Amino acid sequence: MECGGCGARVKNNGEECSSCGCYVTTSFFGRRLDKYYWVKAVMDTVDYLNRQEPAILLNLHKKSKRVLIDLSGVKFIDSMGIGELVALSDRQGYMNQDIRFVVDNESVYRSLESLGLLHVLDVHKSVEEVLGVWDIGK
Ligand SMILES: [Zn+2]
C-alpha cells in the first residue's frame, strides 16, 4: 500500500513509513508533529470499512495531548463512520486528549449538524482554524 504522507510503499496496515515517519493505514495517515498529532484522511469516504483506522493510528501514538482528525476532502461519512467519530471524541475523557475534527465538506458538515453532533464533536472548518484555537503555528 501507499503512504498517504509521501507516496512511498508501506507493507502493512498500521506500519510506520520508513521514508517520512508517518503511521499509515489504507485510508488515513498519522504524522507526529511538534505540537500535535495529525491524523489525515486520504480517501473521500469514511464508512464501515475504514472507520476504525483513526483509532488504530491514535493507539499507535497515545502520548499526544492534542489530536487533529483532519477530514478535509472527505465527501461522505456513513452512519457507522459518524458513530466512530463520536467514539473518538469520547477518548477526550479517558485518554485526557484534546481531539478536534476538521470537516470542510458542506454536506458532511450539515449531516453532523442535523444529528446535533456539533455540540458533541469539536468540529472546525480548516486546519488553520484549529491551530488558531490552540494558539500554535504549523
Ligand atoms: Zn511516507
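## From a hairpin to the core

Begin by selecting strands E2 and E3, which are joined in a hairpin through three residues; strands (E, at least two residues) and helices (H or I, at least four) are DSSP runs, numbered from the N terminus. The model is predicted, and local features therein need pLDDT of at least 70, side-chain atom pairs count only at pLDDT 80 or more, and totals for chains, interfaces and linings use all residues. Residues are numbered from 1 along each chain as its sequence is written.

With E2 (residues 23-24) and E3 on screen, look for the two bridges that join these antiparallel strands, bearing in mind that two strands pair if DSSP finds at least two bridges between them. Val24 has Phe29 of E3 as its bridge partner, and Phe29 also stands opposite Lys40 in E4, which leads to the next selection.

Add strand E4 (residues 37-41), which runs antiparallel to E3 and is joined to E3 by five bridges; E3 and E4 form a hairpin as well, here with four residues between them. Is E3 (residues 28-32) mostly covered or mostly open? Four of its five residues are buried, so to speak mostly covered, where buried means 20 or more other C-beta atoms, placed from the backbone, within 10 Å of a residue's own.

Now select Val39, and leave aside its neighbours within four places in sequence: Val39 is in contact with Phe28, Gly30, Pro54, Leu57, Leu58, Val67, Leu68, Ile69 and Asp70, a contact being two C-beta atoms, placed from the backbone, within 7 Å.

Val39 is also one of the five residues, with Val67, Leu68, Ile69 and Leu71, that touch the most other members of the largest nonpolar core, which has 32 residues; such a core is a set of buried Ala, Val, Leu, Ile, Met, Phe, Trp, Tyr and Cys residues joined through C-beta atoms within 7 Å. Among the elements that each supply at least two residues of this core are E2, E3, E4, helix H1 (53-60), strand E6 (66-70) and helix H2 (79-94). E4 gives the largest share, four residues.

Finally, show the whole chain, whose secondary structure comes to four helices and nine strands, in the order β-β-β-β-β-α-β-β-α-β-α-β-α from the N terminus on. The chain is as compact as a globular protein of 138 residues, because its radius of gyration of 14 Å is close to the 14 Å of the globule rule (taken over C-alpha atoms; the rule is 2.2 Å times the number of residues to the power 0.38). Its C-alpha trace spans about 40 × 30 × 25 Å along the principal axes, and 34% of the 138 residues count as buried.

Notes: A residue is buried if 20 or more other C-beta atoms lie within 10 Å of its own, exposed if 12 or fewer, and partly exposed in between; C-beta atoms are placed from the backbone.
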